[in-house]
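Subject: Structure for you to look over

Hello,

Here is the structure I promised to pass on. My notes on it follow.

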Amino acid sequence: VALIRTVPTRYVEQAEGIVLRGVTSGALARDIGQQLQDATDVAKRRAQLIARDQVGKFYGQVNKARQAKVGVETYFWRDVGDNRVRPEHEDRDGNEYAWTQEAAERLGVEYLPPEEQPGQPINCRCSAEPNVDRLLESL
């Protein structure tokens, strides 16, 4: 959302629509970026960054919702393992976190606010691996 805010005001609604239609139809981020560039005054690099970022955020939120639906309360942070991973994300790799503050307090694990969860920081490529062991223990 912060990146979309940099788009001229007259194009924000249009940009949001392009991103939403793209991710729900399974379009590649580069194709969404091209559509953003074609429809707005946004430069190619900026359009591609916005597309990649918004697609990553969308899939991060879908992953979180799916895990919550089946009862997963905690996850392991996973980075992509390359030299572009942020140092703080590399430090989180393999650590267990709770999806909610309540679960964190009850289970004794760390909680990260939604904007810091995997896939949510700008251009974050990290993911949340569900902790199925905790889920199975609770059954």
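Asp 53 is buried, with a relative accessible area of 2%. The cut-off for buried is under 20%, so this residue qualifies. Asp 53 sits in helix H3. From Glu 13 it is 40 residues away in sequence, and the two C-alpha atoms are 17 Å apart in space. Keep in mind that this is a predicted model.

**The chain as a whole**

The protein chain has six helices and four strands. From the N terminus on, they run α-α-α-β-α-β-α-β-β-α. The C-alpha atoms fill a box of roughly 50 × 30 × 25 Å along the principal axes. There are 139 residues, and 37% of them count as buried. Take the contacts with a separation of 6 or more: 58% of these join residues 24 or more positions apart.

**Helix H3**

H3 covers residues 44-69. What span should its 26 residues have at 1.5 Å a residue? The expected value is 38 Å, and the end C-alpha atoms are 37 Å apart, which agrees.

Asp 53 has company in H3. The buried residues of this helix also include Ala 47, Gln 48, Leu 49, Ile 50, Ala 51, Gln 54 and Val 55. Further along, Lys 57, Gly 60 and Gln 67 are buried too. Against what do these buried residues pack? Their partners are helix H1 (12-25), H2, strand E1 (74-78) and strand E4 (127-130). After H3 comes Gly 71, with a positive phi near 95°.

**H2 against H3**

Two packed helices are described by the angle between their axes and the distance between the axes. Helix H2 runs over residues 29-39. Its axis comes within 8 Å of the axis of H3, and the two cross at roughly 130°. That makes H2 oblique to H3. The crossing is right-handed.

Which residues meet here? H2 supplies Ala 29, Arg 30, Ile 32, Gly 33, Gln 34, Leu 36 and Gln 37. H3 supplies Lys 44, Ala 47, Gln 48, Ile 50, Ala 51, Arg 52 and Val 55. By class, the residues of this contact divide into seven nonpolar, four polar and three charged. On the H3 side, Ala 47, Gln 48, Ile 50, Ala 51 and Val 55 appear in the contact and are also buried.

**Helix H1**

H1 also has the expected span. Its 14 residues should cover 20 Å at 1.5 Å a residue, and its end C-alpha atoms are 20 Å apart, which agrees. Ala 15, Gly 17, Ile 18, Val 19, Gly 22 and Val 23 are its buried residues. An α-helix has 3.6 residues a turn, so residues three or four places apart point the same way. H2 and H3 are among the elements that cover the buried residues of H1.

**H1 against H2**

The axes of H1 and H2 come within 10 Å and cross at roughly 155°. That makes H1 roughly antiparallel to H2, as the cut-off for that class is over 145 degrees. This crossing is right-handed.

From H1, the contact takes in Gln 14, Ala 15, Ile 18, Val 19, Gly 22 and Val 23. From H2, it takes in Ile 32, Gln 35, Leu 36 and Ala 39. Seven of the residues are nonpolar and three are polar, with no charged residues. Ile 32 and Leu 36 of H2 touch H1, and they also meet H3.

**Between the helices and beyond**

Gly 26 follows H1 and has a positive phi near 85°. Ala 27 lies in the loop between H1 and H2. Is Ala 27 buried or partly exposed? At 23% relative accessibility, it counts as partly exposed. Leaving aside neighbours within four places in sequence, Ala 27 is in contact with Gly 22 and Ile 32. Ala 27 and Glu 13 are 14 residues apart in sequence, with their C-alpha atoms 19 Å apart.

One more residue to check is Asn 123. It has a positive phi of about 60° although it is not a glycine. Asn 123 lies in the loop between strand E3 (110-111) and E4. Its relative accessible area is 28%, so it is partly exposed.

Best wishes

Technical notes
Residues numbered from 1 in each chain as written. Predicted model: local features only at pLDDT ≥ 70, side-chain atom pairs only at ≥ 80, totals over all residues. Heavy atoms only, no water. Axes fitted to C-alpha atoms, helices over the stretch in contact; angles between N-to-C directions. Parallel < 35°, antiparallel > 145°, perpendicular 65-115°, else oblique. Left-handed = near helix turned anticlockwise from the far one by under 90°. Contact = heavy atoms within 4.5 Å. Nonpolar A, V, L, I, M, F, W, Y, C, P; charged D, E, K, R; others polar. Expected span 1.5 Å × (residues − 1). Buried < 20%, exposed > 50% of the residue type's maximum accessible area, 1.4 Å probe, protein only.
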